Amino acid sequence: MKAIIYSDRNIESGRAEQLLKSCSFDELVTYYLDADFTNTQFQSEFGCDAPYPQITIGSDHVGGLKDTLHHLSKKGMIV
């Protein structure tokens, strides 16, 4: 399964990356603000109020770091 992080290089984004690395996904891709996408593109995709990071697992947009923690816990991927 593939996981994608849309990051602005903040602390929460770093925590998300470490969390997802520990979950042994087949592929983990991190896209960075101003290198891979613009803030306008981010807002167009996730909404003006969406925090960084935003995370997609498989084909599902999960949300921010807290949403991802909840999702992974519910799926039994973390305890």
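**View A. Length of helix 1 in the predicted model.** Helix 1 covers residues 11–22, 12 residues in total. At 1.5 Å a residue, these should span 16 Å. The end C-alpha atoms lie 17 Å apart, which agrees with that expectation.

**View B. The two sides of helix 1.** Ser13, Ala16, Glu17, Leu19 and Leu20 are the buried residues of this helix. Their arc around the axis is only 165 degrees, so they sit on the same side of helix 1. Ile11, Gln18 and Ser22 are exposed on the other side.

**View C. Packing partners of helix 1.** The buried residues of helix 1 pack against three strands: strand 1 (2–7), strand 2 (27–32) and strand 3 (54–57). They also pack against helix 3 (65–74).

**View D. The ends of helix 1.** Asn10 caps the N-terminal end. One of its side-chain oxygens lies 3.2 Å from the backbone nitrogen of Glu12. Just after the helix, Ser24 takes a positive phi of about 60 degrees.

**View E. Gln54 in strand 3.** Is Gln54 buried or exposed? Its relative accessible area is 4%, below the 20% cut-off, so Gln54 counts as buried. The Gln54 side chain makes a polar contact with the side chain of His61, at 2.6 Å.

**View F. Surroundings of Gln54.** Leaving aside residues up to four places away in sequence, Gln54 touches Ile4, Ile5 and Tyr6. It also touches Phe42, Phe46, His61, Gly63 and Gly64. Ile4, Ile5 and Tyr6 fall within the 2–7 range of strand 1.

How values were computed
Residues are numbered from 1 along each chain as its sequence is written. This is a predicted model: local features need pLDDT of at least 70, side-chain atom pairs count only at pLDDT 80 or more; totals for chains, interfaces and linings use all residues. Side-chain values use heavy atoms; hydrogens and water are left out. Helices (H or I, at least four residues) and strands (E, at least two) are DSSP runs, numbered from the N terminus. The expected span of a helix is 1.5 Å times one less than its number of residues. Buried means under 20% relative accessible area, exposed over 50%, partly exposed in between (1.4 Å probe, protein chains only). The arc is that of the directions from the helix axis to the C-beta atoms. Contact means heavy atoms within 4.5 Å. A polar contact is a pair of N or O atoms within 3.5 Å; within protein, one must be able to donate a hydrogen and the other to accept it, and residues adjacent in sequence count only if both atoms are side-chain atoms.
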